[in-house]
Amino acid sequence: MRWWVTGWAVLGVVALTACGASSGGGAAGTGPPSGRTAGPSGGTPAHTSAAPVPAPSSAAPGGPAPSASVPAGNCAAGRTRVTVSPGDAPVRRLCVRPGAEVSLVLRPRVDDRRWTAARSSAPVFVLLSGWRVDADGTAHASLRCAGTRGGTAEVGVLAKAPDVAGAAGVAFTLEVTVVPYGREG
């Protein structure tokens, strides 16, 4: 019974990947844009509006999943804006070129939790250069990507209910992959 469940899961992933590739999808496994993400002002369009597509994994459940390769032709350059609205997936992937500036806008939450802070797992690749929360609860994070190096960083945004004791937990993660330009020669 397990073999046919695995077979259908693999077939589903292949079908979803093929549909995303034929529709002119964006960065690694993105689907059609939903209009929630504005493109960069003066750079390559950013495809950041889709939820991540699960990759086929031979790893045990709960173990680390293999990372999917990111096509370099779909990476954003220049300035890019990523908007997160209530109900969006808690993890989003973004491929950028070196030197890109990302403006992350987090709409107010519908639960009792509020956006409190953002942290980068690798400031060498993605540096958090600004953070503010507006009076209406909208949070803004400014991110600067490495100028010459390539790598991956996770930007975790924390949220917490103001009347509950304890530390804030990660409510949204932006997985940023910096892909350097190809070298000639």
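Reader: Which residue in strand 8 is the bridge partner of leucine 94?

Author: In this predicted model, strand 2 covers residues 91–96, and leucine 94 has its bridge partner in strand 8. Strand 8 spans residues 169–178. The partner of leucine 94 there is valine 176.

Reader: In which sense do strand 2 and strand 8 pair, parallel or antiparallel, and over how many bridges?

Author: Strands of a sheet pair through backbone hydrogen bonds, and either sense is possible. For strand 2 and strand 8, the sense is parallel, and the number of bridges is six.

Reader: Which strands stand at the edges of the sheet, and why is one side of each left without a neighbour?

Author: The sheet is open, with four strands in the order 2-8-7-4 and mixed pairing. Each edge strand has a single partner strand, so one of its sides lacks a neighbour in the sheet. The average twist from one strand to the next is 20 degrees. The edge strands are strand 2 (91–96) and strand 4 (114–120).

Reader: In what order do the elements of the protein chain run from the N terminus?

Author: The protein chain holds one helix and eight strands. Read from the N terminus, the order is α-β-β-β-β-β-β-β-β.

Reader: What share of the contacts with a separation of 6 or more comes from residues 24 or more positions apart?

Author: The protein chain has 185 residues, of which 35% are buried. Its accessible surface is about 10,600 Å², with 58% belonging to carbon and sulfur atoms. Among contacts with a separation of 6 or more, the share from residues 24 or more positions apart is 62%.

Methods
Residues numbered from 1 in each chain as written. Predicted model: local features only at pLDDT ≥ 70, side-chain atom pairs only at ≥ 80, totals over all residues. Heavy atoms only, no water. Pairing = 2+ DSSP bridges. Helix = DSSP H or I, 4+ residues; strand = E, 2+ residues; numbered from the N terminus. Axes fitted to C-alpha atoms, helices over the stretch in contact; angles between N-to-C directions. Buried < 20%, exposed > 50% of the residue type's maximum accessible area, 1.4 Å probe, protein only. Contact = heavy atoms within 4.5 Å. Areas by Shrake-Rupley, 256 points an atom, 1.4 Å probe, with all protein chains shown as cover.
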